Amino acid sequence: MSQETQGLVASLERHQVAVYVGAIAAGAVVGWTLPAAGPGLAHAINPVLAALLYVTFLQVPVADLVRSLRAGRFLTATLAVNFVVVPLVVAAMFAFLPDDRAVRLGVLLVLLTPCVDYVIVFSGLAGGSRQRLLAATPVLLLAQLLLLPLFLYLFMGPELAGVVETGPFVEAFVVLIAVPLALAWLTQAWAARRPAGRRFAGAAGTAMVPLMAATLLTVVASQVPKLGESLADVARVVPFYVAFLVVMAFAGLAVARLFRLDVPDARAVVFSGATRNSLVVLPLALALSDRFAVAAVVVVTQTLVEVVGMVVYVRAVPRLLPGR
């Protein structure tokens with residue numbers, strides 16, 4: 001890799017939060033000015049996201065993944081904050097959500113599903129354990145697959161729980177997690193045996209920030225044209241997303257202390273509890289019937305709020321959990 005390329009990659013990594021905010025702003029401009037491009041961009045979401053997760057998985061060797069999965073306290077804390085604490089927080093705010101069933105469904109879809117992609121980036125920026133979170137990713141997504149229908153049934157009853165079929169979520173797990181993970185492991189094996197493999201893996205690793213920016217731009221640009229007359233309804237959920245981020249900072253801290261985690265693991269648990277699976281769950285929202293179309297826009301709105309929130313988290317979490 002040339003020195004110019006290395007310098008560019010280092011610059012992008014130093015300023016990646018600004019790059020992500022800029023990508024969201026660019027996506028909003030494209031969505032407003034070129035609304036006809038929305039449907040085509042929606043089809044590009046899964047391929048771009050799969051590429052992003054492939055590069056993410058490529059960053060940690062298989063041996064490190066296995067060792068991280070053996071960290072029982074961290075994994076248990078991560079599962080507890082996401083599938084015990086988060087549903088309780090959502091239950092507390094559920095009665096105050098807008099009455100529109102599609103809006104409520106969108107909020108539930110995104111808040112009940114923990115993030116499996118850029119949480120690793122933002123947690124790492126705040127000194128959290130990237131490797132532990134990466135190792136927990138398949139477990140978190142599999143748990144979502146099993147628990148999301150149950151949670152929807154508990155919150156909204158059998159009529160709306162039946163709207164979300166397990167098929168699309170299984171497809172998301174295979175396409176967005178299993179295949180990229182398998183390809184990353186194959187690439188690592190290639191890199192261990194061949195110089196060409198090492199060069200390819202090194203080059204692929206430099207694509208993390210551009211791929212994340214491309215994913216955010218694509219998602220926002222594809223969904224902004226759908227706002228239309230739903231803008232007022234969607235805006236009403238923004239305070240709930242902000243409140244969720246505030247509450248989960250302290251709830252994640254409490255869980256981390258309960259499990260007596262060290263500082264990097266504790267920071268990672270806080271980020272895992274706060275960040276949601278908006279990018280991966282979006283294809284599921286897009287697969288809903290037309291009467292629930294606004295749910296996808298509600299999901300994307302959470303992404304916009306969360307990215308701004310992560311800028312605050314990157315600075316606030318190290319103060320909330322200072323290093324020893």
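Which residues form one aromatic cluster with Tyr20? They are Tyr118 and Phe122. I will start from that cluster and work outwards. One caution before I go on: this is a predicted model.

In total, the structure holds five aromatic pairs. One of them is Tyr20 with Phe122, an edge-to-face pair with 6.0 Å from centre to centre and 75° between the planes. Tyr20 belongs to helix H2 and Phe122 to helix H7, so this pair ties together parts that lie 102 residues apart in sequence. Tyr20 and Phe122 are both buried.

A second pair to look at is Phe94 with Phe155. Here the geometry is tilted, with the centres 5.3 Å apart and an angle of 55° between the planes. Phe94 is in helix H5, residues 72–94, and Phe155 is in helix H8, residues 130–156, so the pair ties together parts 61 residues apart in sequence. Again, both rings belong to buried residues. Phe94 has another neighbour: the charged end of Arg104 sits over its ring, 4.6 Å from the centre.

Back to helix H7. It covers residues 118–125, and six of those eight residues are buried, so the helix is largely enclosed by the rest of the structure. Which residues of H7 are buried? They are Tyr118, Val119, Ile120, Val121, Phe122 and Ser123. Two of these names, Tyr118 and Phe122, you have already heard in the cluster with Tyr20. After H7 comes Gly127, with a positive phi near 85°.

Now helix H2, the helix of Tyr20. H2 spans residues 16–33 and also contains Gly22. Is Gly22 buried or exposed? Neither: its relative accessibility is 36%, so Gly22 counts as partly exposed, since the buried class stops at under 20% and the exposed class begins over 50%. For a sense of distance, take the C-alpha atoms of Gly22 and Ala80: they are separated by 34 Å, and the two residues are 58 apart along the chain.

The last stop is a loop. Where is Arg260? It is found between helix H14, residues 238–258, and helix H15, residues 263–274. With a relative accessibility of 66%, Arg260 counts as exposed. Its backbone deserves a mention as well. Most residues other than glycine have a negative phi. Arg260 has a positive one, near 50°.

To recap: Tyr20 and Phe122 make a buried pair between H2 and H7, Phe94 and Phe155 make another buried pair between H5 and H8, and Arg260 is exposed in its loop.

How values were computed: Residues are numbered from 1 along each chain as its sequence is written. This is a predicted model: local features need pLDDT of at least 70, side-chain atom pairs count only at pLDDT 80 or more; totals for chains, interfaces and linings use all residues. Side-chain values use heavy atoms; hydrogens and water are left out. Helices (H or I, at least four residues) and strands (E, at least two) are DSSP runs, numbered from the N terminus. Buried means under 20% relative accessible area, exposed over 50%, partly exposed in between (1.4 Å probe, protein chains only). Rings of Phe, Tyr and Trp (its six-membered ring) pair if their centres lie within 6.5 Å; planes under 30 degrees apart count as stacked, over 60 as edge-to-face and the rest as tilted. A charge sits over a ring if NZ of Lys or CZ of Arg is within 6 Å of the ring centre and within 35 degrees of the ring normal.
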